[in-house]
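Biologist: Please give me a close look at the strand architecture of this model, beginning with one sheet. State the cut-offs as you go.

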Amino acid sequence: MEVAGISAPTVTIFISSSLNSFRSEKRYSRSLTIAEFKCKLELVVGSPASCMELELYGVDDKFYSKLDQEDALLGSYPVDDGCRIHVIDHSGARLGEYEDVSKVEKFELSQEAYDQRQDTVRSFLKRSKVGRYNEEERAQQEAETNQRLEEEKAQASTISVGSRCEVRAPGQASRRGTVMYVGLTDFKPGYWIGVRYDEPLGKNDGSVNGKRYFECQPKYGAFVKPSVVTVGDFPEEDYGLDEM
């Protein structure tokens, strides 16, 4: 086959290998020597450059030639966009050996050893007293959390199951219903009030994440914080949702 020079400075080609089952699309400079080109292919296919044999295939996937002149330029071969260069590995590695990462030895470090190192993110956070390593800030956050919990508990203690109520959440219209649950939940921390609305204005049927807290029809149930619940003599309102 006649070797012809091509003026385009770069070429986009496909790389395949005898070591794996996939192809990679890459762009390379035509001014690379074959020796330099092999070094770049090491990162793509995993073969040592010294163990590579290169074959050039055309856009129609027909064999063109071998790239066997180490000091020749890549552009001196008839390499064009869409061509494929197949890397044959002679290192003795097996097909798929570099694809199965489960066979790669993992670096593992115990928590005790990690704590003793001074060049880790954890060590930096401790020295800088950031986040959970700031004892004062963490203590303050815990105190604030406990205070909010006590306030919610006190508010919830004034609300009884079976009471009529009105829910007045910020940015939402008032909704009336019946208190069906008062207490802690599994889905979020703090005290919650389960309400069965008079109309389908809720989000659930009294259950959340598979756990049932009370019974009601779908879309009639909701859980709200005690601070937005007012207990009183609130008759049912006709929202007109059943009208045609």
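Modeller: The sheet to start with is open and has 5 strands in the order β2-β1-β5-β3-β4, with mixed pairing. Strands (E, at least two residues) and helices (H or I, at least four) are DSSP runs numbered from the N terminus, and two strands pair if DSSP finds at least two bridges between them. This is a predicted model, with local features needing pLDDT of at least 70 and side-chain atom pairs pLDDT 80 or more, while totals for chains, interfaces and linings use all residues. Residues are numbered from 1 along each chain as its sequence is written, and side-chain values use heavy atoms, without hydrogens or water.

The edges of this sheet are β2 (24-29) and β4 (63-66), each paired on one side only. Direction ignored, neighbouring strands are turned by 35 degrees against each other on average; axes are lines fitted to C-alpha atoms, for helices over the stretch in contact, and angles run from 0 to 180 degrees between N-to-C directions. At the β2 edge, 6 bridges join β2 to β1 (residues 10-17), and the two run antiparallel. Ile13 has Lys26 in β2 as its bridge partner. Helix α1 (residues 34-45) packs on the sheet and touches β1, β2, β3 (52-57) and β5 (84-89), contact meaning heavy atoms within 4.5 Å. The direction of α1 makes about 95 degrees with that of β3.

At the β4 edge, β3 and β4 are antiparallel over 3 bridges, with Glu55 partnered by Lys66 in β4. These two strands form a hairpin with 5 residues between them. In its turn, Asp61 has a positive phi of about 65 degrees.

Another open sheet of 5 strands runs β11-β8-β7-β6-β12, with antiparallel pairing. Its edge strands, β11 (221-224) and β12 (229-231), each pair on one side only, and the twist averages 45 degrees from one strand to the next. Strand β6 (residues 164-167) is joined to β12 by 3 antiparallel bridges, and Glu166 stands opposite Thr230 in β12. Helix α4 (residues 135-156) packs on this sheet, touching β7 (175-184) and β8 (191-197), and its direction makes about 40 degrees with that of β8.

Edge strand β11 also takes part in an aromatic pair. Across the whole structure there are 9 such pairs, defined by ring centres within 6.5 Å for Phe, Tyr and Trp (its six-membered ring), with planes under 30 degrees apart stacked, over 60 edge-to-face and the rest tilted. Tyr181 and Phe223 have ring centres 6.3 Å apart and planes at 70 degrees, so this pair is edge-to-face. Tyr181 lies in strand β7 and Phe223 in strand β11, so the pair links distant parts of the chain, 42 residues apart.

Phe223 also belongs to the lining of the largest pocket, where Trp192, Lys203, Ala222, Phe223 and Val224 lie nearest the centre among 18 lining residues. The elements that give two or more residues to this lining are β8 and β11, and β11 supplies the largest share, 3 residues.

Key
On a 1 Å grid over the protein atoms alone, a cavity is a set of points where a 1.4 Å probe fits but cannot get out, and a pocket is an open set with protein on both sides within 12 Å along at least five of seven lines; lining residues have an atom within 4 Å of a point.
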